[in-house]
Amino acid sequence: LSDYHQVPGFFIRRQALDGFKLVIIDPQDNPLDDKASHVLKCEQGCDTEMLHGLAAAVRSAGGLRKAADIVSLQQHPEDLRQALEAAGHDLAGCRKVVIVYGKGITTQDDPSIIPAMLELAQALSQHNPQPAALISVKGKANSLVADQLELLAPFKPAASQAAYLALGDDKLSKRQLRAIQGLPFL
């Protein structure tokens, strides 16, 4: 948000400075870490488990714990479990929650990550007067419009002999670069 989506990043930073709760789930250092109420770190690719754990913590904080929530929380190390429970407690007490996610989530090959975010939003909506909102910050204008027009498809040219890329205002991503390596004609 600080580098590629500066406007929403600015608003989030300002809200955090005004005392709003900010929870960051990011395996890497995040420029907003120092503004966050809770920073949840885990290994690369464990976002789904973190989201399930946070949803379980939110339900537990509101007295709506399911048997599966105990298992979900127990699978995390003690220090991370305590961090999830503290973040879940704070989020369960919020009046309005917005979940913002970007290409760190959307570029993963994990089809269960979006349902995990929806599970978290649903758990949050059980405790808050307003339903939790999900906001996806996509790439630049061309990527956003391509997504809205349902033109985005997985880029898998492995069986191709050639690739033609028209990127407009976007840049070649690391994933796209890996996909075209070894093609005879570009």
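## Order of the elements

Starting at the N terminus, the chain runs α-β-β-α-α-α-β-α-α-β-α-α. That adds up to eight helices and four strands, all read from a predicted model.

As for the chain as a whole, 33% of its 186 residues count as buried. Take the contacts with a separation of 6 or more: 54% of them come from residues 24 or more positions apart.

## Helix H1

H1 covers residues 6-17, and its length checks out nicely. With 12 residues at 1.5 Å each, the helix should span 16 Å, and the C-alpha atoms at its ends are indeed 16 Å apart.

Which residues of H1 are buried? They are Gly 9, Ile 12 and Ala 16. Looking down the helix axis, these buried residues sit within an arc of 65°, so they line one face of H1. What they pack against is strand S3, residues 98-101. Turn to the face that points away from the buried side and you find Val 7 and Leu 17, both exposed.

After the helix comes Gly 19, which has a positive phi, near 100°.

## Ile 24 in strand S1

Ile 24 belongs to strand S1. Its relative accessibility is 7%, and because the cut-off for buried is under 20%, Ile 24 counts as buried.

Setting aside neighbours within four places in sequence, Ile 24 has quite a list of contacts: Asn 30, Leu 32, Asp 33, Ala 36, His 38, Val 39 and Leu 40. Strand S2 spans residues 38-40, and His 38, Val 39 and Leu 40 are among the residues that Ile 24 touches. For a sense of distance, Lys 35 is 11 residues from Ile 24 in sequence, with 9.6 Å between their C-alpha atoms.

## Asp 26, a buried charge

Just past S1 (23-25), Asp 26 lies in the loop that leads to strand S2 (38-40). Is this acidic side chain buried or exposed? Asp 26 is buried, yet it has no salt bridge. The nearest side chain of opposite charge belongs to Lys 41, 5.2 Å away, and a salt bridge would need a side-chain nitrogen within 4 Å of a carboxyl oxygen.

What Asp 26 does have is a polar contact: its side chain and that of Asn 30 are joined at 3.1 Å. Asn 30 also turns up among the contacts of Ile 24. Not counting residues up to four places away in sequence, Asp 26 touches Leu 40 and Lys 41. Leu 40 is in contact with Ile 24 as well.

Terms used: Residues numbered from 1 in each chain as written. Predicted model: local features only at pLDDT ≥ 70, side-chain atom pairs only at ≥ 80, totals over all residues. Heavy atoms only, no water. Helix = DSSP H or I, 4+ residues; strand = E, 2+ residues; numbered from the N terminus. Expected span 1.5 Å × (residues − 1). Buried < 20%, exposed > 50% of the residue type's maximum accessible area, 1.4 Å probe, protein only. Arc of directions from axis to C-beta. Contact = heavy atoms within 4.5 Å. Lys, Arg positive; Asp, Glu negative; His and termini not counted. Polar contact = N/O pair within 3.5 Å; in protein donor to acceptor, adjacent residues only side chain to side chain.
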